Amino acid sequence: LALAGASGLAPVDDPAAIAGGNAAMECQWPTVVSFRADENKCSGVLVHPRVIVTAAHCLETSPAAAIRFGEESQPAAFIVDAERCGIDPEFARTHAPSTDVGYCVLEEAVEGIPPTPPLMGCETAWVEQGMPAVIVGFGITQSDPLFGTKRYAFTVLDSELREDGTVWVGDAEVDACEGDSGGPVFVQSAAGTWHLLGVLAYGPECGQGPMLYRSLQDRLGW
């Protein structure tokens, strides 16, 4: 996780990460995963025993292979291979943040880790600017250039959920960095349950401001 401020969107081939975040303790945010796809090092989140979601730009040049669970990418607590991966069909044409959604189906179900449910339907009415949120990822930080440690940070939503399904998250104090792409922003319901609001799509350089996450409520059928 990264400390950041807004100056424009990072290039498609420059995955984002979380700077200045807290290192996750054992079994903290257990549904958040790391993986490599070609040269891309990215994060993702388990939303079904056999499905992870991430950003499309993480998977554009190659599918993921080993999906790594635990607090470190190396060594991982355990690894599950991906059977197949896919990206939003519109992403290759537009590279727009509103199409930056991808997924992988795992070869076998993950047991012992309840998936994090995506926010959907009427639940999206909870989302408002200034709402508390948590961002999680395995990216680098401004002081640690190595990918592979799960970090998290508490922050707020910097916008409402927009018509194109995106939402700005973070501020000049807390944002993401290289390697956090595809990682989640979580929000908490009034009942205390955690939900996946979206996955990290784009943002400025580490420590340069809010990051753009893509929600999933209109992509679940696909």
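This is a short walk through one protein chain, from its overall make-up to a few of its charged residues and one valine. Please keep in mind that the model is predicted.

I will start with the whole chain. It has two helices and 13 strands. There are 222 residues, and 55% of them count as buried. The exposed surface comes to about 9,400 Å², with carbon and sulfur atoms supplying 51% of that area. If we take the contacts with a separation of 6 or more, residues 24 or more positions apart account for 70% of them.

Now to the charges. Side chains of opposite charge can pair when their charged atoms come close. How many salt bridges does the structure hold? The count is seven, and I will go through some of them.

Take glutamate 83 and arginine 50, whose side chains meet in a salt bridge at 3.1 Å, N to O. Glutamate 83 belongs to strand E6, residues 78–87, while arginine 50 sits in the loop between strand E3 (40–48) and strand E4 (51–54), so this pair ties together parts 33 residues apart in sequence. As for exposure, glutamate 83 is partly exposed because its relative accessibility is 44%. Arginine 50 also counts as partly exposed, at 27%.

The next group is towards the end of the numbering. Arginine 214 has a salt bridge with aspartate 218, and the closest N and O atoms are 2.9 Å apart. Is arginine 214 buried or exposed? It is buried, with a relative accessible area of 1%. Arginine 219 forms a salt bridge with aspartate 218 as well, the closest N and O atoms being 3.5 Å apart. Arginine 219 is partly exposed, at 22% relative accessible area, and aspartate 218 is partly exposed too, at 41%. Through shared partners, salt bridges join Asp88, Arg214, Asp218 and Arg219 into one network.

Arginine 214 comes up again with aspartate 100. That aspartate is placed in the loop between helix H2 (91–94) and strand E7, and strand E7 covers 102–106. Aspartate 100 is buried yet has no salt bridge. Which side chain of opposite charge is nearest to aspartate 100? It is arginine 214, 8.9 Å away. A salt bridge here needs a side-chain nitrogen within 4 Å of a carboxyl oxygen. What does surround aspartate 100, leaving aside neighbours within four places in sequence? Its contacts are Thr54, Ala55, Ala56, His57, Phe91, Val199, Ala201, Tyr202 and Arg214.

On the surface, there is a negative patch formed by Asp81, Glu107, Glu108 and Glu111. One of these, glutamate 108, lies in the loop between strand E7 and strand E8, the latter being residues 132–137. Glutamate 108 counts as exposed because its relative accessible area is 52%.

The loop between E7 and E8 also holds valine 127. In contrast to the exposed glutamate 108, valine 127 is buried, at 10% relative accessibility. Which residues does valine 127 touch, not counting those up to four places away in sequence? They are Leu119, Leu157, Leu161 and Leu197. Serine 159 is 32 residues from valine 127 along the chain, and the C-alpha atoms of the two are separated by 9.0 Å.

To recap the two residues from that loop: glutamate 108 is exposed, and valine 127 is buried. That is all from me.

Terms used: Residues are numbered from 1 along each chain as its sequence is written. This is a predicted model: local features need pLDDT of at least 70, side-chain atom pairs count only at pLDDT 80 or more; totals for chains, interfaces and linings use all residues. Side-chain values use heavy atoms; hydrogens and water are left out. Patches are made of residues with over 30% relative accessible area and no salt bridge: like charges are joined within 9 Å, nonpolar side chains (Val, Leu, Ile, Met, Phe, Trp, Tyr) within 5 Å. Accessible areas come from the Shrake-Rupley method with a 1.4 Å probe; for residues, only the protein chains shown count as cover. Lys and Arg count as positive and Asp and Glu as negative; His and the chain ends are not counted. The place of a charge is taken as NZ of Lys, CZ of Arg, CG of Asp or CD of Glu. Helices (H or I, at least four residues) and strands (E, at least two) are DSSP runs, numbered from the N terminus. Buried means under 20% relative accessible area, exposed over 50%, partly exposed in between (1.4 Å probe, protein chains only). Contact means heavy atoms within 4.5 Å.
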